[in-house]
Amino acid sequence: MSTATMTAPATATATKAKPRVFSGIQPSGALHLGNYLGAIKRWVAEQDQNDNSFCIVDLHAITVPQDAAALHEATRELAAVFFASGLDPDRVSVFVQSHVSAHAELAWILNCFTPMGWLERMTQFKDKAAREGTERASTGLFAYPALMAADILLYDTDLVPVGDDQKQHIELTRDVAERMNTRYGKDLFVLPRPHISTTGARIMSLAEPTRKMSKSEPEGSLELLAPTDVNRRKIMRAVTDSGREIRFDESRPGLFNLLEMYQLLSGQAREEIEQEFAGKGYGDLKKALAERVIETLRPIQERYNELRANPDHLEALIRRGADRIAPRAQATLKRVQTAVGLG
Ligand code: TYM
């Protein structure tokens, strides 16, 4: 594609052929089924409808301590999972955040327009800072949402497909964008909308089903690259209640979570699933779910291994993603710098 067609329009609201979609995942910790069902699976399913960019957000990862070699490795691992899950490098720009310097540059400007009080209210910061202790938590962790706002606003994004836990950050992105649009003109930024599905937006931990499945809690997490028997064992041991009847009942969070995963992986309707398991026990559901998980992950793991066997090819794919997307980011950055009076 020529640079001319890829360059951002002169104003944020100029006509676009397709809605612009942007989302990202941190290369920290092992990716799990929550990331897949809440984000990646939908990105793949909707890749033709939209103009998509998906980012491996390594600048976000360093807001908490990281081992340098492990971070570099996790970045490649995540890129391989994106392609292995079905994102097509010819249709979608998959790239690494630190390869496009406009992210950090716009983030700085947005920091200067984001009141500290807004950042203090972010639940993810409060949770993470509580774990680290506020004395030790980095300034980067505090300013994390402004960097995320920069990611989204750089591409004149219309839709941000994410799981439920990112909704607050997208609201903050809109607030910052509106604040700057009020001051500098409504054409400065497009206001993005969160794109959160009704099922799968919050996959829960298998060990503690009232908490979300998370990279920081491996016991409750079904890791995308884990050996088959490890995931099977975790599902068979999943915490449920002492009831019998298999029904989509939100007051039974362990069972509800298993059923929701089954629904997403099988593509069946809820009534159909309830009928399938009528008169059967939780053990039957767990066995059937384990099979669905394994069937879903097998081809992804196979493609993943192929991609990882050819590191030069993988590197070329992510560099191509960054080269394709960078002119767009640069154009937006320039627009904002000019509006603010920089340069
Ligand atoms: P991250 O890396 O924590 O998670 C990546 C995606 O997975 C979703 N997710 C879940 N969905 C359902 N159930 C779960 N248990 C679950 N756990 C995680 C997340 O909602 C997310 O969609 N701040 C972001 C990364 C980011 C970003 C962005 C996202 C940086 N810049 C710009 C969108 C747009 C994060 O830490 O996601």
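Student: Where does the ligand sit?
Tutor: This is a predicted model, where local features need pLDDT of at least 70, side-chain atom pairs count only at pLDDT 80 or more, and totals for chains, interfaces and linings use all residues. Residues are numbered from 1 along each chain as its sequence is written, and side-chain values use heavy atoms, with hydrogens and water left out. A pocket is an open set of points on a 1 Å grid over the protein atoms alone, where a 1.4 Å probe fits, with protein on both sides within 12 Å along at least five of seven lines; sitting there takes more than half of the ligand's atoms within 2 Å of the grid points. The ligand passes that test in the largest pocket.

Student: How many residues surround the ligand?
Tutor: A residue counts if one of its heavy atoms lies within 4 Å. The closest are Tyr144, Asp151, Gly163, Asp165 and Ile203. By class, the shell has 12 nonpolar, 11 polar and five charged residues. The full shell comes to 28 residues.

Student: Which residue puts a backbone N or O atom 2.8 Å from a nitrogen atom of the ligand?
Tutor: Look for polar contacts, meaning N or O pairs within 3.5 Å. Gly163 has a backbone N or O atom 2.8 Å from a ligand oxygen, and the side chain of Asn35 reaches a ligand oxygen at 3.1 Å. For the ligand nitrogen, the residue is Ile203.

Note on methods:
Polar contact = N/O pair within 3.5 Å; in protein donor to acceptor, adjacent residues only side chain to side chain. 1 Å grid on protein atoms, 1.4 Å probe; cavity = no way out; pocket = protein on both sides within 12 Å on 5 of 7 lines; lining within 4 Å. Nonpolar A, V, L, I, M, F, W, Y, C, P; charged D, E, K, R; others polar.
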